[in-house]
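These are my notebook entries on a structure that I looked through one topic at a time. I began with the overall form of one chain and then turned to the pairing of copies and to single helices.

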There are 2 protein chains.
Amino acid sequence: MRTLAAYKAHLREIGKLGSALTLLQWDQRTYIPSRANEARAETIGKLAKMTFELTVADKLGRYIEKLEKDESLSPQDRASVRVVAKDYRRNKAIPPDLFERFAVARSRSESAWEKARADSDFAAFRPHLEEMVDYSRQFAEYYGYTESPYDALIEGFEPGMTSREIRGIIAPLREKLVPFVKRLQTEGTRPNDTFLKGHFPAAGQRALSMRALEAMGYDFSAGRLDTTVHPFTTAIGPSDVRVTTRFLEDNLLSGLYSSLHEGGHGLYDQGIPAELDWTGLDQGSSFGIHESQSRTWENMIGRSQAFWSFFRPILVQTFPELSSVTADALWRASNVAEPSLIRVEADEVTYNFHIMLRFELEDELITGKIAVADLPELWRDAMTRYLGVTPKDDASGVLQDVHWSAAYFGYFPSYMLGNLYGAQLFAKLEKDMTDLGERIRRGDLAPIREWMREKVHRFGRILGPKELLKEVTGEEPDSSYFLRYVMKKYGEVYRLR
Amino acid sequence: MRTLAAYKAHLREIGKLGSALTLLQWDQRTYIPSRANEARAETIGKLAKMTFELTVADKLGRYIEKLEKDESLSPQDRASVRVVAKDYRRNKAIPPDLFERFAVARSRSESAWEKARADSDFAAFRPHLEEMVDYSRQFAEYYGYTESPYDALIEGFEPGMTSREIRGIIAPLREKLVPFVKRLQTEGTRPNDTFLKGHFPAAGQRALSMRALEAMGYDFSAGRLDTTVHPFTTAIGPSDVRVTTRFLEDNLLSGLYSSLHEGGHGLYDQGIPAELDWTGLDQGSSFGIHESQSRTWENMIGRSQAFWSFFRPILVQTFPELSSVTADALWRASNVAEPSLIRVEADEVTYNFHIMLRFELEDELITGKIAVADLPELWRDAMTRYLGVTPKDDASGVLQDVHWSAAYFGYFPSYMLGNLYGAQLFAKLEKDMTDLGERIRRGDLAPIREWMREKVHRFGRILGPKELLKEVTGEEPDSSYFLRYVMKKYGEVYRLR
């Protein structure tokens, strides 16, 4: 029992340092004065190092070994030891000097990427990316895997998921969505969305976002909404989960949807019970499950007909110049599907192609089937094949995302899995809550938050993504829910017969 | 030379942890969600402990001892070692277990004070205050002193200053100001300030504060202005000095003066040269010198006739309903002197009495001439004697300030010394810059900032307060400058003959 107390105390220490670190990062992305960035980077480096040292402390290893043999632990403590042990061994697997060399190389790589993207100069970035792939492959060997080294990397974002499974999940998506996108373009009626452009002052947009977050049940006594360049959500500590958004004054809805998206992440983190604070369990189940929450609120709820019945009057109150725009028009305009080059600007239908492409390239890179030098051409080919658009330069092609420059291989699939998990969970929600549409139309969104809290949030990291999905829906990950949802909605929006 | 590098690296580590700690505290007082306070207190406690441990690390002691003997050090390094050694020995002087007991008692004392003030119940606070006095007296013995134990405490805020000196500085102040306040009340014409009351939305007030800070030369690329309940300035790290203010919508000028005050502190911290960053020298000379900067901008500049010539058009642009109010009327209205019970609401003339009273009580408390139990009555007596007003309860008397509950004995004198230093520096500035009034009238305030930077800011903590004053003015601290200034201005405002 003394060991358990010491173990918990150690996790609290990690939690407190992590909390300081997270605040430093939040501030860096919201309020920091421009000239303070240099010193801040040093301070963040210091705190990150200290936090990491605690997570690989030998004494933590000793606690874990003892506690793993302790049969008297409560189920929650057992879960804590399980996930903390897993992280501990993963962190310990990499020799410190290898990791240190990697950290230096990664920092160079990120800077090189930034410059290369600005110049659209893949050749300048290529040696860095090669290094990142090389380190990642070494890490995969240290982490260990059954079938593919890529799986060892995916494990860091989507525990229990393998590249083979993802391929299985993707196949029907690709098969159905490629022709569907073509049909939308050739047979569909593109919605009119001209009224989304104009001048919509940030203050009004902010008021709309606040209304939406309040309706969702986001708890402002344990959070805040701030603005930033690249919106994010961050859990700074117990009862402190902050969301950020950005308002483009020439775009009516981009800020609102960014807020709904981050609000979904925020509700998840706020919904994790206080008894999991600082136990290693106070996080989402996986990146994909986290993304399922943000996508559900942004797309399945926020881009539904029912939502616009509720939200149109609020919108018109803020921007009276839109009083002639109907809820139906708003719904349609917020669901335009269009093949495009940039992932972060993609709609619900085409988004998944951006991920498939990255997943397939990562898979082959890490397993050594292709070389970094081949990427630009393979990228162009895949874009043309999947979406019928071809980037004219690498800046809008292979250089567009930051992830690879930081060796985040295995991260991208979580974005797509988030869409799929979200649809699968939402189908269950619709079954459980027969008056769901009616509730949304009334703006009565709290029951949705409660359902998610009960089914998803309260487990924190106790259940892995596949266990969680099984627990809630009784099924394995299945892309058919998403397919049905997206083809039905876009079929209606585009008036397909 | 290896020792010097290790010493500097150690100070950088302290600096980085301190920077994280300061951001946690800034956030706690500006943006933290209400429910996050409990966990934040724990996180702050952890970082504070870690930072303190570094400041008393044995290896730092070894570096200091070696470097004190090193004759090859540059003047700046020598200054660094001098101030760091002083802090180190002071921190080390207190036995850790005594300090730990004190920290617990202080935390209880602060809570007890909060409740006691709300209930105006001195009896409930008395045992805690007795404990704080007792600890402070013990600390004074450990710190050491020549003449009075109170001096050992003053040293923590105003290095090199003694209670005997302060008494000498105060005597003429008291002698002149007691009759002067009476004269203002009996022979003076109180300015009309009714137009300061009304409804002045915070957004407009904020715009005014921003304009004022810009005019002062406060650097927004290395700082920010936020709002809070109790305004403060904080140096979070290199190129990150943030000021805060608060806007009372029923009061036209309180927010502006709060911004000018904090802006004065902010300019000081921003003016400390980058080469002093994280060397122990990157702070103000003393609490009193810091206060001299804030008071100069708030009162000597911000409450001058010249300032209102400059600022009236800006004010009227923001609040056109004031277009009939003249610069002269604004100047007079911002200089109302009135005996009152609460220190933080006091004007320039009466403020010093609030400090004298506290100084005299602290002096006698720490030297054992009076007991804590006597304080309420002694307080009432002194208020009546100095200002002719008598608190009807202890909440507006002896319980009004937080300082004693946290054992900050020796802090109050710095507030008054700040006024005196400020006037003494300002007299020198007026001599050096013969067109000062004309410049202020034009809103050309940058040269004032430059003068202060050159004469005061650039030394950081290299010079102590008395050395600094001597360096700039050639004189010892002298209250006659303040007396001349304040009696001249208020004599004019109140139209004394």
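**Entry 1: overall form of chain A.** I compared the radius of gyration of chain A in this predicted model with the value for a compact globule. With 497 residues, such a globule would have a radius of gyration near 23 Å, and chain A has 23 Å, which agrees. Along its principal axes, I noted a C-alpha trace of about 65 × 50 × 50 Å. I recorded 20 helices and 3 strands in chain A. Of its 497 residues, 44% count as buried. I then looked up the contacts in chain A between residues at least 6 apart in sequence: 72% of them join residues at least 24 apart.

**Entry 2: relation of the two copies.** I asked what turn lays chain A on chain B. A turn of 180° with a shift of 0.0 Å along the axis does so, and the RMSD is 0.0 Å. The two copies are thus related as by a two-fold rotation axis. Both copies use the same surface, since 96% of the contact residues of chain A recur in chain B. I also looked up which residue of chain A comes closest to the rotation axis. I found Ala20(A), with its C-alpha at 3.2 Å.

**Entry 3: helix H18 of chain A.** I turned to H18(A), which runs over residues 446–455. Here I listed Ile448(A), Arg449(A) and Met452(A) as buried. These residues cover an arc of only 100° around the axis, which puts them on the same side of H18(A). What do the buried residues of H18(A) pack against? I noted four helices of chain A: H9 (202–216), H10 (254–271), H11 (287–301) and H16 (412–432).

**Entry 4: helix H6 of chain B.** I checked the length of H6(B), residues 122–143. At 1.5 Å a residue, its 22 residues should span 32 Å; the end C-alpha atoms are 30 Å apart, which agrees. I then asked where the kink in H6(B) is centred. The kink is centred on His128(B) and amounts to about 25°. His128(B) is itself among the buried residues of H6(B), which also include Phe122(B), Phe125(B), Leu129(B), Met132(B) and Tyr135(B). The cover over the buried residues of H6(B) includes helices H5 (96–119), H7 (149–154), H14 (351–366) and H15 (375–387) of chain B. After H6(B) comes Gly144(B), for which I noted a positive phi, near 90°.

Technical notes:
Residues are numbered from 1 along each chain as its sequence is written. Chains are lettered from A and ligands numbered from 1 in the order in which they are written. This is a predicted model: local features need pLDDT of at least 70, side-chain atom pairs count only at pLDDT 80 or more; totals for chains, interfaces and linings use all residues. A residue is buried if 20 or more other C-beta atoms lie within 10 Å of its own, exposed if 12 or fewer, and partly exposed in between; C-beta atoms are placed from the backbone. Helices (H or I, at least four residues) and strands (E, at least two) are DSSP runs, numbered from the N terminus. The arc is that of the directions from the helix axis to the C-beta atoms. Two residues are in contact if their C-beta atoms, placed from the backbone, lie within 7 Å. Copies are superposed by least squares on the C-alpha atoms of residues with pLDDT of at least 70 in both. The expected span of a helix is 1.5 Å times one less than its number of residues. The bend at a residue is the angle between axes fitted to the seven residues ending there and the seven starting there. The radius of gyration is taken over C-alpha atoms; the globule rule is 2.2 Å times the number of residues to the power 0.38.
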